[in-house]
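Student: I would like a close look at one part of this protein, the helix at the start of the chain, and at how that part sits in the whole. Please take it step by step.

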Amino acid sequence: MTRETFFDILNQNLKGVPQEERQRVNEYFSEYFDDGLDTGRSEQEICQQLGRPEAVAAQIRAESHIKNLNDNPSTLNWGKAAAVLVGAAIVSPIAFPFIIAAVGLIFALCITVFALLLAAVCFVGAMFLLGGTLIVAGLAKLLILPVGIGMLGAGLLILGLSTFALSLSALIIRFTVKAFSQALAWINTRFIRREKI
C-alpha cells in the first residue's frame, strides 16, 4: 500500500470526525510517513507498521466520540460512542471479546443509571405526596391545635427532606454519568490501543 492509498482510505473512514481533528490526524500521519522515509523505510513498511487504515480510522472515531461524550454527555452521544466502539471491535478482531464485554458493561451501567433515575423520581414523588397530604391534614385538624400543628410541621419537614433528596438524587445521577464517561474513555485507551496523536 502506498502513502496516498493509506490517506485516501483513512480520510474516507473518518466521516463524523470534526474537520480540525481530521486535519490534525492527517498532519500527524504525514509527519509519521516523512520521519519513516527519512530513516530509510519504504511506504509499504510504514503502512504495514501502522496497520489497516480502516482500523486506524475506527480508533480515531472512537476517541473522538468518547471525547465528545465527555464534553457533552447527551443520549445521542452515548449512542454514537457505543456504535463506534462496536465498529472498532469489528475492524480489530483481536479486541473483539474485550469490546463485547465492554459493551455489556456499558449496557448494564445504562440500565443502572435509568433505574437510579426512576427510583429517585418515585422516592421524591412519594415524599412530596406524603408531605402535601400531611399539610392538608394538619390544616384540617387545626381545631385540635397540637395535632394540627404537629401534622403541619411533619408535612413541611417531609417536603424539605424530599427537596434535599431531589438534590442528592441529581448529584448521584450526575456522578454516575461522569463515572460512565470515564469508564468509556478507559475502555477506549485500554482495549483500543494505538499511538496517541
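Tutor: Helices here are DSSP runs of H or I with at least four residues, strands are runs of E with at least two, and both are numbered from the N terminus. By that count the protein has seven helices and zero strands, and its order along the sequence reads α-α-α-α-α-α-α. The model is predicted. Its mean pLDDT is 77, with 78% of the residues at 70 or more.

Now the part you asked for. Helix α1 covers residues 3–12, and R3, F6, F7, I9 and L10 are buried in it. Viewed down the axis of α1, these buried residues fall within an arc of 165°, so they line one face of the helix. The general background is that an α-helix has 3.6 residues a turn, so residues three or four places apart point the same way. On the other side of α1, E4 and Q12 are exposed.

R3 deserves a separate look. This arginine is part of helix α1. R3 counts as buried because its relative accessibility is 18% and the cut-off for buried is under 20%. Leaving aside residues up to four places away in sequence, R3 touches S30, F33, D34, L37, E43 and C47. For one of these, S30, the C-alpha atom is 8.7 Å from that of R3, and the two residues are 27 apart along the chain.

For the setting, consider the whole protein. Of the contacts with a separation of 6 or more, 64% join residues 24 or more positions apart. Buried residues make up 33% of the 197 residues. The accessible surface is about 11800 Å², and carbon and sulfur atoms account for 69% of that surface.

A contrast to the buried face of α1 is found on the surface. L116, F164, L168, L171 and I172 form a nonpolar patch there, with about 460 Å² of accessible area together. Helix α7, residues 145–191, gives the most to this patch, with four residues. F164 lies in α7; this phenylalanine counts as exposed because its relative accessible area is 55% and exposed means over 50%.

One caution concerns residues 193–197, where pLDDT stays under 50. The model has 14 contacts beyond four places in sequence for that stretch. Where pLDDT is low, the predicted coordinates should not be read in detail.

Technical notes. Residues are numbered from 1 along each chain as its sequence is written. This is a predicted model: local features need pLDDT of at least 70, side-chain atom pairs count only at pLDDT 80 or more; totals for chains, interfaces and linings use all residues. Side-chain values use heavy atoms; hydrogens and water are left out. pLDDT is the predictor's confidence in each residue, from 0 to 100. Contact means heavy atoms within 4.5 Å. Patches are made of residues with over 30% relative accessible area and no salt bridge: like charges are joined within 9 Å, nonpolar side chains (Val, Leu, Ile, Met, Phe, Trp, Tyr) within 5 Å. Accessible areas come from the Shrake-Rupley method with a 1.4 Å probe; for residues, only the protein chains shown count as cover. A salt bridge is a side-chain nitrogen of Lys or Arg within 4 Å of a carboxyl oxygen of Asp or Glu. Buried means under 20% relative accessible area, exposed over 50%, partly exposed in between (1.4 Å probe, protein chains only). The arc is that of the directions from the helix axis to the C-beta atoms.
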